[in-house]
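Reader: I would like a close look at one charged side chain and at what surrounds it. Could you walk me through it in one go?

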Amino acid sequence: MKIPTFEKILVTVGTTQFDELIQTVTSHNVVDVLRRFGCRKLTLQIGRGRNPKLDKEVFGSDIEVKYFDLKASIADDIDSADLVISHAGAGSCIEVLGAAKPLVVVVNERLMDNHQSELAEALHQEGHLLYCTPEFLSKTLAEGDFGKLKKFPPGSVGDFVSYLDAFMGF
């Protein structure tokens, strides 16, 4: 399997707090995989979470890291990214899949009645994204076959909602 090239990577937690994702994606194990992908710019959208502790030893001088909390739209950040790592919120999934970007969804297992995992699993089974929990992010990135991901069918948000309803059995 060929190692993909992703120079610009966006990590988003939406409007939530998902510090575990931010901590995981800035860990040695994950950054080593991102470096193998050719990552040069890592942008972290931290939502309502704490400012991340960015260890210079982890990133070295070859990966530029920046972060922000919330802004009106991250569409430009998504458009400029080569890969997006996201929480499993439906809005974030819609936006990233609509922009036809490779997507790795990280499920927050701490949420009650976690329908996000059902959404991630359904979209994974359809071949649109990879998904995991924080503890398996490094492995998912390293072993994921990004070349097999299917583009999400173009359409409106309404089509996506209908698509989700069908998968969820509503």
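Reader: What is the relative accessible area of K139, and into which exposure class does that put K139?

Author: Happy to! K139 has a relative accessible area of 47%, so it counts as partly exposed. That class lies between buried (under 20% relative accessible area) and exposed (over 50%), with a 1.4 Å probe and protein chains only. Before going on, please keep in mind that this is a predicted model: local features need pLDDT of at least 70, side-chain atom pairs count only at pLDDT 80 or more, and totals for chains, interfaces and linings use all residues. Residues are numbered from 1 along each chain as its sequence is written, and side-chain values use heavy atoms, with hydrogens and water left out.

K139 forms a salt bridge with E143, and their closest N and O atoms are 3.4 Å apart. The term stands for a side-chain nitrogen of Lys or Arg within 4 Å of a carboxyl oxygen of Asp or Glu. Both residues belong to helix 7 (residues 137–143), and because they are four residues apart there, about one helical turn separates them. Helices (H or I, at least four residues) and strands (E, at least two) are DSSP runs, numbered from the N terminus. More broadly, side chains of opposite charge can pair when their charged atoms come close.

How many salt bridges does a search of the whole structure find? The search gives seven. One of them joins D32 to R35, with the closest N and O atoms 3.8 Å apart. These two residues sit three places apart, about one turn, in helix 2 (residues 28–36). D32 counts as partly exposed because its relative accessibility is 34%, and R35 is also partly exposed, at 26%. Another salt bridge joins R40 to D62, again with closest N and O atoms 3.8 Å apart. This pair links distant parts of the chain, 22 residues apart: R40 is in the loop between helix 2 and strand 2 (41–45), while D62 is in the loop between helix 3 (56–59) and strand 3 (64–68). R40 is partly exposed at 39%, as is D62 at 29%. D32, R35, R40 and D62 are linked in a network of salt bridges.

Back towards helix 7, T133 lies in the loop that runs from strand 6 (130–132) to this helix. T133 is buried, its relative accessible area being 13%. Leaving aside residues up to four places away in sequence, T133 touches V106, V107 and E109, where a contact means heavy atoms within 4.5 Å.

Helix 7 also leads us to the nonpolar interior. A nonpolar core is a set of buried Ala, Val, Leu, Ile, Met, Phe, Trp, Tyr and Cys residues joined through side-chain atoms within 4.5 Å. The largest one has 30 residues, and L137 and L141 are among those with the most contacts inside it, as are L34, L42, L83, I85 and F146. Helix 2 gives the largest share of this core, four residues. F146 touches several residues beyond four places away in sequence, including L141, F37, L83 and L130. A second, separate core has 18 residues, among them L10, L97, A120 and L123. In soluble globular proteins, nonpolar side chains tend to be buried together.

L97 also appears with S92, C93 and V96 as buried residues of helix 5 (residues 90–98). Because these cover an arc of only 120° around the axis, they are on the same side of helix 5; the arc is that of the directions from the helix axis to the C-beta atoms.

Now for the sheet. Six strands form an open sheet in the order 3-2-1-4-5-6, with parallel pairing; two strands pair if DSSP finds at least two bridges between them. Strand 3 and strand 6 are the edge strands, each pairing on one side only. From one strand to the next, the twist averages 15°, with axes fitted as lines to C-alpha atoms (for helices, over the stretch in contact) and angles running from 0 to 180 degrees between N-to-C directions. Strand 2 is joined by five bridges to strand 1 (residues 8–12) and by five to strand 3. L42 of strand 2 is the bridge partner of I9, L44 that of V11. Four of the five residues of strand 2 are buried, so this strand is largely enclosed by the rest of the structure.
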